[in-house]
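Trainee: May I ask for a close look at a single part of this chain, with its surroundings explained step by step?

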Amino acid sequence: MAFACQPGGKPPQPWDAYEVKTLFQILLTGDVHLGRSYQKEPPQLAERLSSARFEALENAVAAGNREGCRFLVIAGDLYDRVSAIPVEYHKRVAAILGEFEGHVLVLPGNHDYLSAEGSDLWRKFQEHSPSNTFLFRENGRKVIDGVAFYGCICHDKHSAQNALGWLREQPPAEDGLVHIGIAHGAIEGLSYDAKQQYYTMTEAELLGLPMDAWLIGHTHVAYPAADAVGCRIFNAGTPQQTDIADNSRGEAFVLQVADDRSVACRRVRTGVVDFVRRDVSVAQGEPLADKLSFPGLEGARTVLRLHLTGVLSPEEYESRQALYRCLEDSFLKLEVEDAGLRRAITPAMIDQETMPGTRINQLLKHYAQQPELLDLAYELVLACKGGK
């Protein structure tokens, strides 16, 4: 689904074509997921990945200050869960947010939802939060410096209904303020939500409400996908990738609101650990070592997953694990999936396992141009010889 960034479905303008007077700027982030568990990882790596999430939030705050942003908006899922968040986390968050030189607005998302019974998570957060930070504890409007923010909070991890209903019942009046909506949930056509259980919103639904801009959290893929002018829906993704399945880049958005109420979006990098997947295909005769070079990747900050396919010489196939071990030292973590690699079966190997000139020997050599058949036939021969 292609989202319409401007009325009539016109494509967004490039950032450098934006020539209007700026009223203020917003640093948009969300889905920080502090407290995310990395228990399956070795302790040292788990600690590094956990700390990276705090560092990404620090980078977002620093970017907002550097860009002169008046507001920092966290559009849900500051925390990864509602329970068992240490007090030290709240203190560290407070110290980070306290460094922002403007106003901070925090929205509970579906991971750190605000339950009807109340939440110890948010009580402790507010006990330690700095004076510049406002937490939406209910659906409502907060006016700061002539800007009206409308928080649409999550009350549970899952919901078939989004949190926009109160705005449909109480739409904002024309009062000369800039109107900014903040919500958390899947956006139909942008986010995966097959069962419609993550507060799903539609583009038409969002644009049908009289907001100058919507700041959305939940989806770990940024929208718009490039710097642009004229959009009204913004989803910054996550400031730090969560794992290898996360296709984001670790970014936040600088939103520039103009006097004509148009909004320009520019991305800034905030992530400190990169999760990268590389698909590597090895043709017969190509040295595997030559294919395991990855210029441009900063190994000390990269978790790399390799998916290897192709054909190796028998000698290289047997020694491939040693290559992996050498490569491990170059990265924060290396994961290798090499079930798609196979050992080349040579005529010498066929002659070693079958008597030259026999029908089975000739048949195997005949399959030399059909690797899959050769692999199967060769394994059958070995199995029969082994009495299996």
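Mentor: Asp77 is found in the loop that runs between strand 2 (71-74) and helix 2. The model is a predicted one, and the values below should be read in that light. Although Asp77 is not a glycine, its phi is positive, at about 60°.

The loop that holds Asp77 leads to helix 2, so let us follow the chain there and consider the partners of that helix. Two packed helices are described by the angle between their axes and by the distance between those axes.

The first pairing is with helix 1. Helix 1 covers residues 43-66 and helix 2 covers residues 87-97; they pack at an angle of about 20°, and their axes are 9 Å apart. Because angles under 35 degrees count as roughly parallel, helix 1 is described as roughly parallel to helix 2. Their crossing is right-handed. On the side of helix 1, the contact involves Ser50, Ser51, Phe54, Glu55, Leu57, Glu58 and Val61, while helix 2 contributes Tyr89, Arg92, Val93, Ile96 and Leu97. By character, the residues of this contact comprise 7 nonpolar, 2 polar and 3 charged.

The second pairing joins helix 2 to helix 3, which spans residues 120-128. Here the packing angle is about 45°, and the axes lie 9 Å apart. Helix 2 and helix 3 are therefore oblique to each other. The crossing of helix 2 and helix 3 is right-handed. From helix 2, the contact takes in Val87, His90, Lys91, Val93, Ala94 and Leu97; from helix 3, it takes in Leu121, Lys124, Phe125 and His128. The residues of this contact are 6 nonpolar, 2 polar and 2 charged.

Placing the two contacts side by side, one may note that Val93 and Leu97 of helix 2 meet helix 1 and also take part in the contact with helix 3.

Two further features lie elsewhere in the chain. Tyr223 and Pro224 are joined by a cis peptide bond, with omega at about 0°. Pro224 belongs to the loop between strand 8 (213-217) and strand 9 (228-229). The largest pocket encloses about 500 Å³ of space. It is lined by 24 residues, of which Tyr192, Tyr198, His218, Thr219 and His220 are the closest to its centre. The lining consists of 6 nonpolar, 10 polar and 8 charged residues.

Conventions. Residues are numbered from 1 along each chain as its sequence is written. This is a predicted model: local features need pLDDT of at least 70, side-chain atom pairs count only at pLDDT 80 or more; totals for chains, interfaces and linings use all residues. Side-chain values use heavy atoms; hydrogens and water are left out. Axes are lines fitted to C-alpha atoms, for helices over the stretch in contact, and angles run from 0 to 180 degrees between N-to-C directions. Helices (H or I, at least four residues) and strands (E, at least two) are DSSP runs, numbered from the N terminus. Angles under 35 degrees count as roughly parallel, over 145 as roughly antiparallel, 65 to 115 as roughly perpendicular and the rest as oblique. A crossing is left-handed if the near helix is turned anticlockwise from the far one by less than a right angle, and right-handed if clockwise. Contact means heavy atoms within 4.5 Å. Ala, Val, Leu, Ile, Met, Phe, Trp, Tyr, Cys and Pro count as nonpolar, Asp, Glu, Lys and Arg as charged, and the others, Gly among them, as polar. On a 1 Å grid over the protein atoms alone, a cavity is a set of points where a 1.4 Å probe fits but cannot get out, and a pocket is an open set with protein on both sides within 12 Å along at least five of seven lines; lining residues have an atom within 4 Å of a point. Grid points are joined across faces, edges and corners, and a volume is the space filled by probe spheres set on the points.
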